[in-house]
Amino acid sequence: MPLLTQRLRDLRPSPVRAMLEASQKPDVISFAGGLPAPDTFVSPVLPPNSEAALQYGPSEGEPELRRLIAAELQAAGLDCAADQVLILSGSQQGIDLAAKLTIDAGTRIAIESPTYLAALQVFRFFGARFESLDPSLSVSWTRADHPAMAYVIPTFQNPTGRCWTADERESFACACEDADVILFEDDPYRDLAYEPCQRRPAVSWMKNGSWIYQGSFSKTLAPGLRLGFMVASRDLFPHLLLLKQAADLHSNRLSQHMVIHQLTSQDRDARRDFLVSAYREKRDAFDASMRQHLGNAVEWKRPPGGLFFWLTLPEHIDPDALLAEAIKRNVLFTPGRPFYADESLAVPSMRLNFSHASKDAADRGLAILGDLLRA
Ligand SMILES: Cc1ncc(COP(=O)(O)O)c(C=O)c1O
């Protein structure tokens, strides 16, 4: 037997990756992953003179990209400078770096319940002990008794779609600051806003606390670019930079140049508006199909942004058994349980992605789910 690490015991295969594999089959209607619609992807244009990008580059990322990101975040209300920006190989890498920064075996990490399952997977791998926040987000931490980090998704949360109010953002940021908790805000969906919502980063309410904020180009440009970014308070940034260097030296420079090209192109705003209105339309068509096919027993709220509907099911329905039947009929979705760190808190639920399937395919898939629910 080869000698492998203790940590591997806690690494569980992500149900989403398994589902992504199944979704490659033709004729499958997938509501499972967080896949953007392929017709929204940017065409891969490389700017002239980008051959230099084939050489090794800085671990922090391309200076121009860091400047552009800092300027956008300032406009969003976060006071930060370009030298606090670290370019990531997808924001999933940011979760890995933040975990390496904060988690030893047994370290307490606060999370929303439910939350992004691939973050739970990483935190668990490093040995985290989870503390589930209650829906009111109220906490009773002190400087003597607190988690090391709070990982939250205040804007169009994955999986619930919830968007925190300004009061919630402010009081949570202050609670973190008062108790010396690192606030880690994950924000990949902020541009996909279908209704007016508070989107100012929660970390922007901190004055002297330690924080990490991250975003992604996966949902607005293309996930295959594998490009995201992280901004951190000055006490944390140098450690995160060393962890990034150790992980992969730097992110793909060709992708970074393509993103610079997109961020500086004249039709940037028009493209974003188009994307948002196309997804809003899909969300509304999906909502209407669900009302037609799923009946009254299933409950959901129409999300004000992001890519998912979160459905709660009647007590007698087992979402895993429902998925097994759905797969036989070529329909995929993600059951709710893996989004809970503490499975005893899980209610029968499922997450449906509305961005990937065409409107017709979504309607057919939802009709099949409706049949299965009634059976
Ligand atoms: C909340 C959240 N964080 C991070 C990620 C990872 O995104 P990426 O690595 O593509 O930037 C996702 C992807 O769906 C997500 O939903």
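**View 1. Cysteines without partners: this predicted model holds zero disulfides.**
A disulfide is a covalent bond that joins the sulfur atoms of two cysteines. Take Cys163: the closest cysteine sulfur belongs to Cys197 and sits 4.0 Å away, which is too far for a bond. The cut-off for calling a pair of sulfurs a disulfide is within 2.5 Å. Is Cys163 buried or exposed? With 17% relative accessibility, Cys163 counts as buried. Cys176 isn't in a disulfide either, and its nearest cysteine sulfur, in Cys174, is 9.2 Å off. Cys176 is buried too, with a relative accessible area of 0%.

**View 2. Helix 7, residues 253-263, is largely enclosed by the rest of the structure.**
Why do we say that helix 7 is largely enclosed? Because nine of its eleven residues are buried. Here's the roll call of buried residues in helix 7: Arg253, Ser255, Gln256, His257, Met258, Val259, Ile260, Gln262 and Leu263. And what covers them? The cover includes helix 2 (63-75), strand 2 (85-88) and helix 8 (268-293).

**View 3. Zooming in on one piece of that cover, helix 2 packs against helix 7 at about 45°.**
To describe two packed helices, people give the angle between their axes and the distance between those axes. For helix 2 and helix 7, the axes are 9 Å apart and the angle is about 45°. That angle makes helix 2 oblique to helix 7. Their crossing is left-handed. Who touches whom? Helix 2 brings Glu64, Leu65 and Leu68, while helix 7 answers with Gln256, Val259, Ile260 and Leu263. Sorted by class, this contact has five nonpolar residues, one polar and one charged. If the spacing of those numbers catches your eye, remember that an α-helix has 3.6 residues a turn, so residues three or four places apart point the same way.

**View 4. Helix 3 (residues 91-102) and helix 4 (residues 117-125) cross at roughly 30°.**
The axes of helix 3 and helix 4 come within 9 Å of each other. Are the two helices roughly parallel or roughly antiparallel? With a crossing of roughly 30°, helix 3 and helix 4 are therefore roughly parallel. The crossing of helix 3 and helix 4 is right-handed. On the helix 3 side, look for Gln92, Ile95, Asp96 and Ala99; on the helix 4 side, find Ala118, Ala119, Val122 and Phe123. Count by class and you get six nonpolar residues, one polar and one charged in this contact.

Conventions. Residues numbered from 1 in each chain as written. Predicted model: local features only at pLDDT ≥ 70, side-chain atom pairs only at ≥ 80, totals over all residues. Heavy atoms only, no water. Axes fitted to C-alpha atoms, helices over the stretch in contact; angles between N-to-C directions. Helix = DSSP H or I, 4+ residues; strand = E, 2+ residues; numbered from the N terminus. Parallel < 35°, antiparallel > 145°, perpendicular 65-115°, else oblique. Left-handed = near helix turned anticlockwise from the far one by under 90°. Contact = heavy atoms within 4.5 Å. Nonpolar A, V, L, I, M, F, W, Y, C, P; charged D, E, K, R; others polar. Buried < 20%, exposed > 50% of the residue type's maximum accessible area, 1.4 Å probe, protein only.
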